[in-house]
Amino acid sequence: MNASIEPFMNDITAPVAALFKSTVQKRVAAASALGDSKNPAAVSPLIRSLADPHAKVRQESARALGRLDDAEAVPALISALRDPEPAVRTAVIAAIGRIRDRRATGALVACLEDPDERVRIGAAEVLGRLGDPRAIGPLEVLARDRFTGVREAAEHAVVRLRNKRASFR
């Protein structure tokens, strides 16, 4: 990247302002721009925007936090797993999966009982990637879910966790 352009890429003043004072469409675009900025200073405003009144803003804020890949966001993302909108919870799970922080294991295990199958699938997939063997038992229970996609995600995660555990012996 051209060094003379780089400082402007990291200036997050305008997107931060837009994140809190614009239309829904502009707030979503601002959250996306902050996630693309790779600027660690964007984490705090994105965490605050996880409480936005509009689900699309919360969803994009979670995605942006995942792209920033900063463990500082994990506690807020864990809290956001209680969002009333399944699409937001799914985006939060994906963000946690990108950050790969085992502090989220317990909260992700709780998501295995979510009423939305997309949330259960996402949680199973991320638990498989996190590599925490504490998730094996709950994933084995989930492998009996009534939805094929959920069962397959749970079974794949269990295999992955067992293989990872076996490789450490």
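**Exercise 1. Overall organisation**

Determine what share of the contacts in the protein with a separation of 6 or more comes from residues 24 or more positions apart, and describe the secondary structure and extent of the chain.

*Solution.* Step 1: residues 24 or more positions apart supply 62% of the contacts with a separation of 6 or more. This value, like those that follow, is computed from a predicted model.
Step 2: the secondary structure comprises 11 helices and 0 strands, which gives the pattern α-α-α-α-α-α-α-α-α-α-α along the sequence.
Step 3: the C-alpha trace spans about 50 × 35 × 25 Å along its principal axes.
Step 4: the protein has 169 residues, of which 46% count as buried.

**Exercise 2. The packing of α3 and α5**

Classify the relative orientation of α3 and α5, and state which residues make the contact.

*Solution.* Step 1: two packed helices are described by the angle between their axes and the distance between the axes.
Step 2: for α3 and helix α5 (residues 55-68), the angle is about 5° and the axes are 7 Å apart.
Step 3: angles under 35 degrees count as roughly parallel, and α3 and α5 are therefore roughly parallel to each other.
Step 4: α3 contributes Val-24, Arg-27, Val-28, Ala-31, Ser-32, Leu-34, Gly-35, Asp-36 and Ser-37 to the contact, while α5 contributes Lys-56, Val-57, Glu-60, Ser-61, Ala-64, Arg-67 and Leu-68.
Step 5: sorted by class, the contact of α3 with α5 holds 7 nonpolar, 4 polar and 5 charged residues.

**Exercise 3. The nonpolar core**

Identify the residues that touch the most other members of the largest nonpolar core, and trace the contacts of Leu-77.

*Solution.* Step 1: the largest nonpolar core has 50 residues, and Leu-46, Leu-77, Leu-108 and Leu-139 touch the most other members.
Step 2: helix α7 (residues 86-99) provides the largest share of this core, with 7 residues.
Step 3: with neighbours within four places in sequence left aside, Leu-77 contacts Leu-50, Ala-62, Leu-65, Val-92, Ala-95, Ile-96 and Ile-99.

**Exercise 4. Asn-39 in its loop**

Decide whether Asn-39 is buried or exposed, and find the backbone atom that its side chain reaches.

*Solution.* Step 1: Asn-39 belongs to the loop between α3 (24-37) and α4 (43-49).
Step 2: buried means under 20% relative accessible area; Asn-39 has 14% relative accessibility and therefore counts as buried.
Step 3: the side chain of Asn-39 reaches the backbone nitrogen of Ala-41 at 2.8 Å.

**Exercise 5. Positive phi at Asp-69 and Arg-100**

Locate Asp-69 and Arg-100, and give the phi and accessibility of Asp-69 and of Arg-100.

*Solution.* Step 1: Asp-69, although not a glycine, has a positive phi of about 55°. Asp-69 is placed in the loop between α5 and α6 (74-80).
Step 2: with 47% relative accessibility, Asp-69 counts as partly exposed.
Step 3: Arg-100, although not a glycine, has a positive phi of about 60°. The loop between α7 and α8 (105-111) contains Arg-100.
Step 4: Arg-100 has a relative accessible area of 48% and is partly exposed.

**Exercise 6. Leu-130 and its partners**

Establish the setting of Leu-130 and list what this residue touches beyond four places in sequence.

*Solution.* Step 1: Leu-130 is part of helix α9 (residues 117-130).
Step 2: its relative accessible area is 8%, so Leu-130 is buried.
Step 3: Leu-130 and Arg-100 are 30 residues apart along the chain, and 5.8 Å separates their C-alpha atoms.
Step 4: not counting residues up to four places away in sequence, Leu-130 touches Arg-100, Asp-101, Arg-102, Thr-105 and Leu-108.

Key:
Residues numbered from 1 in each chain as written. Predicted model: local features only at pLDDT ≥ 70, side-chain atom pairs only at ≥ 80, totals over all residues. Heavy atoms only, no water. Helix = DSSP H or I, 4+ residues; strand = E, 2+ residues; numbered from the N terminus. Buried < 20%, exposed > 50% of the residue type's maximum accessible area, 1.4 Å probe, protein only. Polar contact = N/O pair within 3.5 Å; in protein donor to acceptor, adjacent residues only side chain to side chain. Axes fitted to C-alpha atoms, helices over the stretch in contact; angles between N-to-C directions. Parallel < 35°, antiparallel > 145°, perpendicular 65-115°, else oblique. Contact = heavy atoms within 4.5 Å. Nonpolar A, V, L, I, M, F, W, Y, C, P; charged D, E, K, R; others polar. Core = buried A, V, L, I, M, F, W, Y, C linked by side-chain atoms within 4.5 Å.
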